[in-house]
Amino acid sequence: MKKQAKLMVIVLVIVMALSVIALTACGNKQTQVAYGLVHREGYVGIATVEVVSGVLVSAKLDEACFPTQVTATANDGADYTVAITKGETTTYYWKTVKYGNVTMVYDETDGYKVGTQTIKDYFRASEENCKAYAEAVQNNKVSVVTANGDKTDIMTAAKLLKTQNGYWSGTGIKEGQLGWKKNAEATCAYVVEYGFDGVTVKEDLTQPGKTDDNVTGDMKDEFVDKNSIKTGATWTDMWDYVNLLHNAFNKASAK
């Protein structure tokens, strides 16, 4: 009898596992990614969502910094760097950066350019341009032209992705701030729980705590949607991230 009972339990577990797999398959799970400029158009945002039967079940954010995030030194040579002096400070930028069939060259006036376009204009031109750069960063495929040849160990994912490079973290988080990681997590948690109905335009997001003396600490700058739901996020360009996540959701829903 005990053997039969154990066998029944095993069979039941297998049936349940197969049921979960079947439900997931029937649920038409879609994973989609949207790319676009965020945070004053200074970074390439990467929004990834999973949608099952039209319902958002998970979301995550990342950002790829521009090549200016990684600087050179005077010792790297004048032929391969551009020196920019502001006041008493001189910063050396790598002159030529490549990935795929794209070449970015640092201009003393306009910063990095692709042909005649500034880097921002180039990324504004299409999501595909943003995607190609983001994927190159994620896969450590961005190369820098140096005196010793093209190098892919200078502008790496560890240095360019905000999920890896320590952007706005540690001692960089001042009192009353949440930092990058907590803001990203709060924004993703908000859209997974409440969707996008509460934020359809930038003006739907307000920060009532700024003028409320009863609100103190980290949450004084918290964004609230048009339905008076607190988002848990305080970063300046909240709209950029919600909008990008919405773009990814729309892609998944269209499949």
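Select strand β4 (residues 71-72) and strand β6 (residues 89-94): they pair in the antiparallel sense over two bridges. Strands here are DSSP runs of E with at least two residues, helices are runs of H or I with at least four, and both are numbered from the N terminus. Two strands count as paired if DSSP finds at least two bridges between them. Click on Ala72 and you'll find its bridge partner in β6, Tyr92.

This is a predicted model, so be aware of the filters: local features need pLDDT of at least 70, side-chain atom pairs count only at pLDDT 80 or more, and totals for chains, interfaces and linings use all residues. Residues are numbered from 1 along each chain as its sequence is written, and side-chain values use heavy atoms, with hydrogens and water left out.

Now add strand β5 (residues 81-86), which runs antiparallel to β6 and is joined to it by six bridges. Thr81 has Trp94 as its bridge partner in β6. Follow the chain from β5 into β6 and you go round a hairpin with two residues between the strands. Stop at Gly87 in that turn, where phi is positive, about 65°.

Next, zoom out. The protein has six helices and twelve strands. Of its 255 residues, 39% count as buried, meaning under 20% relative accessible area, with exposed being over 50% and partly exposed in between (1.4 Å probe, protein chains only). If you switch on the surface, the accessible area comes to about 14500 Å², and 51% of that belongs to carbon and sulfur atoms; areas come from the Shrake-Rupley method with a 1.4 Å probe, and for residues only the protein chains shown count as cover.

Go to Thr231, in the loop between α5 (179-194) and α6 (238-253). Is Thr231 buried or exposed? Thr231 is buried, because its relative accessible area is 5%. Show polar contacts (pairs of N or O atoms within 3.5 Å; within protein, one must be able to donate a hydrogen and the other to accept it, and residues adjacent in sequence count only if both atoms are side-chain atoms). The backbone oxygen of Phe223 sits 2.8 Å from a polar atom of the Thr231 side chain, and the backbone nitrogen of Ala233 is 3.2 Å from a polar atom of that side chain. With contact meaning heavy atoms within 4.5 Å, and leaving aside residues up to four places away in sequence, Thr231 touches several residues, including Ala186, Tyr190, Leu205 and Met238.

Time for charges. A search of the whole structure finds ten salt bridges, each a side-chain nitrogen of Lys or Arg within 4 Å of a carboxyl oxygen of Asp or Glu.

- Select Arg40 and Asp237: their closest N and O atoms are 4.0 Å apart. Arg40 is in the loop between β1 (29-38) and β2 (43-52), Asp237 is in the loop between α5 and α6, and 197 residues separate them. Arg40 is exposed at 56% relative accessible area, whereas Asp237 is buried at 14%.
- Select Asp150 and Lys98, with closest N and O atoms 3.7 Å apart. This pair links strand β12 (residues 149-151) to strand β7 (residues 96-99), 52 residues apart.
- Select Asp121 and Arg124, which meet at 2.3 Å, N to O. Both lie in helix α2 (residues 119-125), three residues apart, about one turn of the helix. Add Glu41 to the selection: salt bridges that share partners join Glu41, Asp121 and Arg124 into one network.
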